[in-house]
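The following report describes a protein chain from its strands and sheets through to its core and its domains. Please read it alongside the sequence and the structure.

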Amino acid sequence: NGVGMGTAALLAGLPQAEAAPAMQSASDTFEPDVALELIALPRSVSLRPGRATSLWSYQSRVLKGDPASVQALPDSYLGPILRLRRGQKVRIDFINRLDQPSTVHWHGLHVPDTMDGHPRFAIGPGELYRYEFEVRNRAGTYWYHPHPHGHTGEQVYFGLAGLLLVSDEEEQALPLPRGQYDLPIVIQDRSFDDGNQLRYLSGTGPTARGDASGAPSAPGNTMGGRGMMGGMMSRGAMMSGGMGDMMTRMMGFLGDTILVNGRPESLIEVATHPYRLRILNGSNSRIYKLAWQDGRPLTVIGTDGGLLERPVHKDYVMLAPAERVELWADFSKDDLGTQLTMMSLAFEGAMGRMMDMMGGSFMGGAMGGSSLAAGVRFPIFTVKVARKANGSLELPDRLSAISWPRLQDAVNRAKPRTFRITMAQMQWGFNGRSFEMTAVAPNEVVKLRTTEVWEFANDSGMMTMAHAIHVHDQQFQVPERRHGMGNNRVRDGYVDQGWKDTVLVMPGDRVKLLMRFADYPGLYLYHCHMLEHEDLGLMRNYRIEA
Ligand code: C2O
Ligand code: CU
């Protein structure tokens, strides 16, 4: 039968985007409750007046099980929202119709290592990879995106990402906003050229070879001579090749336009009712400091790994790439016509200013000429109270019962495993080592069914900037942060009361993670989720040994 669990099959002969062939799994015992097909393919979407934008996009359909498992977003480049329930067995046949290798990573999910989208399992154009796993995570807002080595930033930037929402019985029993009152909000920053095409590193994306849309040429070919010293372009737009690309990879890409749910329109009409806002930072490298513009506090009910034990009120919330935060936003007492903007507040320290100097003055056209450097203030989206709703809901003061791992149970509590973020020879690394496809260093081996403390130290050398550390296969706790200099403007914005899979580590900080390695032995990744950093080596394997 050719195709098995975790193996790739050639489908090059198949007509474009047609039905996947009937296939049998090598694992006879895996009987899926839900079977989906997920295709990555070039597509163009009309995002701005004028020419459509050439993108890559995920398309999906249900082959077996609940038809509501896939919710397409027709006018967006984002992949469909996948809706799964805890305990379901899921099969997803991924078909790669790009012109480069890819994988799919189920960000935040706890799955066997062959199902995790590791770059060692990348499949080429025309191939199929069968993902099969049981949903073991709690209810929460997870997401999926590509993970091929060296091209994750490119593939996500050009459109490959989608939400994966898990529900469970505990969550179903709570009086939370549902249906139209349960609103996903994916925030991403992008830069467009005059022809409405996305700008990224030279020679990247669906038009890089001039094939997908008849674009004149890659932007990188036309912009030599301007660049980092020009002072008038965003870092993301430094397309002068060589040096500009290298700077962008080292610093991280910042776009000059904010997109919400894969669309440039930023007005969301709501009713006088409480909402559950599931916010994902799907940006490549931009960090947001979220706050309502009228100063009302944010009511946080969930983080990366689902609901908190009880709601937490915050003046602002820091959201690094790949992090999620769930808010309870109650508009029931707002007058019709009220508009309320979600801002990103200023928080730049010395680092933001340095990036400004190096990257130019960030004169973003689409934001009305406003500056969009790292850590400046700008609007993200606006909510307009447009209609009356019937009924309401009370914010529960107990959301979830969580059994946390305990610090005293950590086998290495006296001496945490330390990972220092380093930069050498224009490569990022952990403890001086950049990504290697399958290698693990001695300090990267842990034992199955143990609890450990890991410490990420962002305090070496002069190239110190913020990072977003993500550990695959785990949801962890953040038991301790030690702050370095310059964090006064962000430190009240961490939501460490919940399960996390990605954590913001600001310059100078040392952050401890507490986690238990359960169920699956294997080779998994940990890395920075600022995707240019990841692609430039800030990613390593760790091995869970049985
Ligand atoms: Cu969301 Cu290894 O990634
Ligand atoms: Cu980083």
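What is the order of the strands in the open sheet of five strands, and is the pairing mixed or not mixed? The order is β4-β5-β10-β9-β7, and the pairing is mixed. The edge strands of this sheet are β4 (70-71) and β7 (105-107), each of which pairs on one side only. Helices (H or I, at least four residues) and strands (E, at least two) are taken as DSSP runs and numbered from the N terminus, and two strands pair if DSSP finds at least two bridges between them.

This is a predicted model, in which local features need pLDDT of at least 70 and side-chain atom pairs count only at pLDDT 80 or more, while totals for chains, interfaces and linings use all residues. Residues are numbered from 1 along each chain as its sequence is written, and chains are lettered from A and ligands numbered from 1 in the order in which they are written.

**Overall composition**

The chain has five helices and 31 strands. Of its 546 residues, 50% count as buried, where buried stands for 20 or more other C-beta atoms within 10 Å of the residue's own, exposed for 12 or fewer and partly exposed for values in between, with C-beta atoms placed from the backbone. Among the contacts with a separation of 6 or more, 75% are between residues 24 or more positions apart; a contact requires C-beta atoms, placed from the backbone, to lie within 7 Å.

**Strand pairing**

Strands of a sheet pair through backbone hydrogen bonds, either parallel or antiparallel. Four pairs of strands are set out below, each with a residue pair that stands opposite or is bridged.

| Strand pair | Sense | Bridges | Residue pair |
|---|---|---|---|
| β5 (residues 81-85) and β10 (residues 162-167) | parallel | four bridges | leucine 84 and valine 166 |
| β2 and β6 (residues 89-96) | parallel | seven bridges | isoleucine 39 and isoleucine 95 |
| β2 and β3 (residues 53-64) | antiparallel | 11 bridges | alanine 40 and tyrosine 58 |
| β16 and β19 (residues 324-330) | antiparallel | three bridges | glycine 302 and glutamate 326 |

A further open sheet, of six strands, runs in the order β12-β11-β14-β19-β16-β17, with mixed pairing. Because β12 (257-260) and β17 stand at the edges with a single partner strand each, one side of each is left without a neighbour in the sheet. From one strand to the next, the twist of this sheet averages 30 degrees, an angle between N-to-C directions on a scale from 0 to 180 degrees, for axes that are lines fitted to C-alpha atoms.

**Nonpolar core**

The largest nonpolar core has 131 residues, and those with the most contacts inside it are Leu164, Val317, Leu327 and Leu504. Such a core is a set of buried Ala, Val, Leu, Ile, Met, Phe, Trp, Tyr and Cys residues joined through C-beta atoms within 7 Å. Its largest share, six residues, comes from strand β2 (residues 34-45). Not counting residues up to four places away in sequence, valine 317 touches Leu290, Leu298, Val300, Val325, Gly493 and Val495.

**Two buried residues**

Histidine 467 is found in strand β26 (residues 467-471) and counts as buried because it has 29 C-beta neighbours inside 10 Å. Its C-alpha atom is separated by 7.4 Å from that of histidine 529, although the two residues are 62 residues apart along the chain. Neighbours within four places in sequence aside, histidine 467 is in contact with Ile421, Asn458, Val505, Cys528, Met530 and His533.

Isoleucine 380, in strand β21 (residues 378-387), is buried with 20 other C-beta atoms within 10 Å. With the same kind of sequence neighbours left aside, within four places, its contacts include Ile187, Ile258 and Tyr288.

**Domains**

The domain assignment, automatic or from a database, gives domain 1 (8-173), domain 2 (175-402) and domain 3 (407-545). The contact between domain 2 and domain 3 takes 32 residues from domain 2 and 28 residues from domain 3. On the side of domain 2 that touches domain 3, the elements that give two or more residues are α3, β16 (298-303), β17 (306-314), β18 (317-319) and α4 (350-359).

Helix α3 (residues 242-251) has Gly244, Asp245, Thr248, Arg249 and Met251 as its buried residues, and just after α3 glycine 252 takes a positive phi of about 105 degrees.

Notes
Contact = placed C-beta atoms within 7 Å.
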